[in-house]
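Me: I would like a close, patient look at a single part of this protein, with each term explained as it comes up.
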Amino acid sequence: MKKRILTIIAVVALAVVMVVGLVACGGKKQVSGFDIDLARAIFEKEGIEVETRKIEWSQKEIELNAGKIDLVWNGLTITDERKENMQISIPYLTNEQAVVVKGDNASKYTKLADLAGKKVAVEKESAGEGTAMDIKDNKKIDINVKSITAQIDALMEVKSGQSDLAIIDSTMAGYLLNQKDGSYTDLKIVTISDYEQQAEEYGVAAKKGNTKLIDFINSKLVELQDTKYSEIAETYGLSSRKVKMTWTTSLTGDEWKSELKNKKKVVIGYTVNAPMGIELDK
């Protein structure tokens, strides 16, 4: 009887281990994308491992200040406000916002007045949200702005019919709407003729005051711009968005590592924002 009980316990324990193992494997993601690949090209050459940590975009500054991440490297639009609150690199890529609608409805959206009364999905505290609020507050167009967790969720709002349009990064919209699997071919980017899009630039952000770490990143961006930077941009169809970068470093040796507390890794905060940050099942 005792032997039978022990056998049953062993079987149950094995089953628990298998279930936990399957859950763990299923939960792991392989993270890549333009920003992640570029970060790896810069840091791994220095013997620093790149660890990715998925964050909510609206919490990025909190994550930085709490030390949970070292960098936000995920299509971060440079603004004066962000430069006051975070240490931001030189611009390394251009962007603008894109208005995305169902393809069948594209002809209905040509000017600002066509947006009146519509549900507009945006990522919370993103440049897309800023554009939507500009349309609502400054252009006086009565739109219903729905701020949600991620840009991909804003896109899915339109795809599912829960929102009439989404305002997201053009880099993301152009990449996803042209994927060969056809997941988003029912959506279309439209041009609002009487709304002038503002040019944007992406930067890498660290905690305010981490000047040496950002100085190092700036110098490496310049160093790699004709090699690895260009190669990665071509891989993700972003060659037309490259910028010419210049920077004169004040660093000597590897003093920048002090702002990583001499760790052997750097933690990059990201969201699912293809082609900047992409998740695949392992």
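Is the crossing in which α2 passes α9 left-handed or right-handed?

Reply: Before the answer, please keep in mind that this is a predicted model, in which local features need pLDDT of at least 70 and side-chain atom pairs count only at pLDDT 80 or more, while totals for chains, interfaces and linings use all residues. Residues are numbered from 1 along each chain as its sequence is written, and side-chain values use heavy atoms, with hydrogens and water left out.

The crossing of α2 past α9 is right-handed; a crossing is given this name if the near helix is turned clockwise from the far one by less than a right angle, and is left-handed if the turn is anticlockwise. Helices here are DSSP runs of H or I with at least four residues, strands are runs of E with at least two, and both are numbered from the N terminus. Helix α9 covers residues 228-235, and α2 packs against α9 at an angle of about 160°, with the two axes 10 Å apart. That makes the two helices roughly antiparallel, a label for angles over 145 degrees, whereas those under 35 are roughly parallel, 65 to 115 roughly perpendicular and the rest oblique. Each axis is a line fitted to C-alpha atoms, for helices over the stretch in contact, and angles run from 0 to 180 degrees between N-to-C directions.

The contact (heavy atoms within 4.5 Å) is made from the side of α2 by Phe-34, Asp-37, Leu-38 and Ala-41, and from the side of α9 by Lys-228, Tyr-229, Ile-232 and Ala-233. These residues divide into six nonpolar, no polar and two charged, where Ala, Val, Leu, Ile, Met, Phe, Trp, Tyr, Cys and Pro count as nonpolar, Asp, Glu, Lys and Arg as charged, and the others, Gly among them, as polar.

Turning to the surroundings of α2, eight of the 10 residues in this helix, residues 34-43, are buried, so α2 is largely enclosed by the rest of the structure. Buried means under 20% relative accessible area, exposed means over 50%, and partly exposed lies in between, using a 1.4 Å probe and protein chains only. The buried residues of α2 are Phe-34, Asp-35, Ile-36, Leu-38, Ala-39, Ala-41, Ile-42 and Phe-43, and the list thus includes Phe-34, Leu-38 and Ala-41, which also take part in the contact with α9.

It may help to set this part in the whole chain, whose secondary structure comes to nine helices and 13 strands. Of its 282 residues, 45% count as buried, and the C-alpha trace spans about 80 × 60 × 35 Å along its principal axes. Among contacts between residues at least 6 apart in sequence, 80% join residues at least 24 apart.

Elsewhere in the chain, five strands form an open sheet in the order β8-β7-β9-β6-β10, with mixed pairing; two strands pair if DSSP finds at least two bridges between them. The edge strands, each pairing on one side only, are β8 (144-148) and β10 (187-190), and the twist averages 30° from one strand to the next. Ile-148 is found in β8, and with a relative accessible area of 17% Ile-148 is buried.
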